[in-house]
Amino acid sequence: MEIGLYFPRVALGGFVFGLVVGKVTVFWLQHVFNDAMVEITITLAATYLTFYFGEEVLGISGVLAVVMLGIEINQQKTSISPEVETFLHR
């Protein structure tokens with residue numbers, strides 16, 4: 001594969017994959033309220049799985065995917081319960 005075509009695919013793939021996983025994660029978080037263990041588990045699992053699948057399975061940038069996941073979750077802060085948010089930051 002030519003190196004000039006490889007880098008945009010890796011970068012754009014990470015961007016798009018992270019955005020999609022972020023939207024799915026926010027959807028799940030919006031259906032859970034005040035259950036700290038479930039919300040934290042969803043958040044951490046989404047982060048680790050996004051990185052792993054991005055790097056190992058899809059061959060895209062796992063770091064960019066996780067960054068986009070974080071940005072998407074941060075934009076939809078209301079998807080995390082207020083009581084759980086303080087616990088999550090600790």
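How exposed or buried is Phe-53? Phe-53 is partly exposed, with a relative accessible area of 36%. That value comes from a predicted model, as does every value below.

## Overall fold

The protein chain holds four helices and zero strands. Along the sequence the pattern reads α-α-α-α. The chain has 90 residues, and buried residues make up 33% of them.

Three of the helices come up repeatedly in this report. H1 covers residues 3-30. H2 runs over 36-58, and H3 over 62-75.

## Nonpolar core

The largest nonpolar core has 14 residues. Within this core, Phe-17, Leu-69, Ile-73 and Ile-80 touch the most other members. Helices H1, H2 and H3 each supply at least two of the core residues. H1 gives the most, with four residues. As general background, nonpolar side chains in soluble globular proteins tend to be buried together.

Ile-73 deserves a closer look. It sits in helix H3. Its relative accessible area is 12%. The cut-off for buried is under 20%, so Ile-73 counts as buried.

## Thr-43 and its contact

Thr-43 belongs to helix H2. Thr-43 is buried, because its relative accessibility is 13% and the limit is under 20%. Its side chain reaches the backbone oxygen of Glu-39 at 2.8 Å.

How far apart are Ile-73 and Thr-43 in sequence and in space? In sequence they are separated by 30 residues. In space the C-alpha to C-alpha distance is 8.9 Å.

## Salt bridge

A search of the whole structure turns up one salt bridge. The partners are the side chains of Lys-23 and Glu-72, at 3.4 Å from N to O. The pair links distant parts of the chain. Lys-23 lies in helix H1 and Glu-72 in helix H3, 49 residues apart. In general, side chains of opposite charge can pair when their charged atoms come close.

Are the two partners buried or exposed? Lys-23 is partly exposed, at 48% relative accessibility. Glu-72 is buried, at 6%. The classes follow from the cut-offs: buried means under 20%, exposed means over 50%, and partly exposed falls in between.

## Aromatic pair

The count of aromatic pairs is one. It joins the rings of Tyr-52 and Phe-53. Their centres are 5.8 Å apart and their planes stand at 75°. Why is the pair edge-to-face? Planes over 60 degrees apart fall in that class, so the angle of 75° makes the pair edge-to-face.

Tyr-52 is partly exposed, with a relative accessibility of 46%. Phe-53 is also partly exposed, at 36%.

## Nonpolar surface patch

Which residues form a nonpolar patch on the surface? They are Phe-15, Val-16, Val-20, Val-24, Phe-27 and Trp-28. Together they have about 570 Å² of accessible area.

Phe-27, one of the patch residues, has its place in helix H1. Its relative accessible area is 46%. That figure lies between the 20% and 50% cut-offs, so Phe-27 is partly exposed.

## Helix H1 in summary

Helix H1 appears in several of these findings. It gives four residues to the largest nonpolar core. It carries Lys-23, whose salt-bridge partner Glu-72 is in helix H3. It also holds Phe-27, a member of the nonpolar surface patch.

Conventions. Residues numbered from 1 in each chain as written. Predicted model: local features only at pLDDT ≥ 70, side-chain atom pairs only at ≥ 80, totals over all residues. Heavy atoms only, no water. Patch = residues over 30% accessible without salt bridge, like charges linked within 9 Å, V, L, I, M, F, W, Y side chains within 5 Å. Areas by Shrake-Rupley, 256 points an atom, 1.4 Å probe, with all protein chains shown as cover. Salt bridge = Lys/Arg side-chain N within 4 Å of Asp/Glu carboxyl O. Buried < 20%, exposed > 50% of the residue type's maximum accessible area, 1.4 Å probe, protein only. Core = buried A, V, L, I, M, F, W, Y, C linked by side-chain atoms within 4.5 Å. Polar contact = N/O pair within 3.5 Å; in protein donor to acceptor, adjacent residues only side chain to side chain. Phe/Tyr/Trp six-rings, centres within 6.5 Å; stacked < 30°, edge-to-face > 60°.
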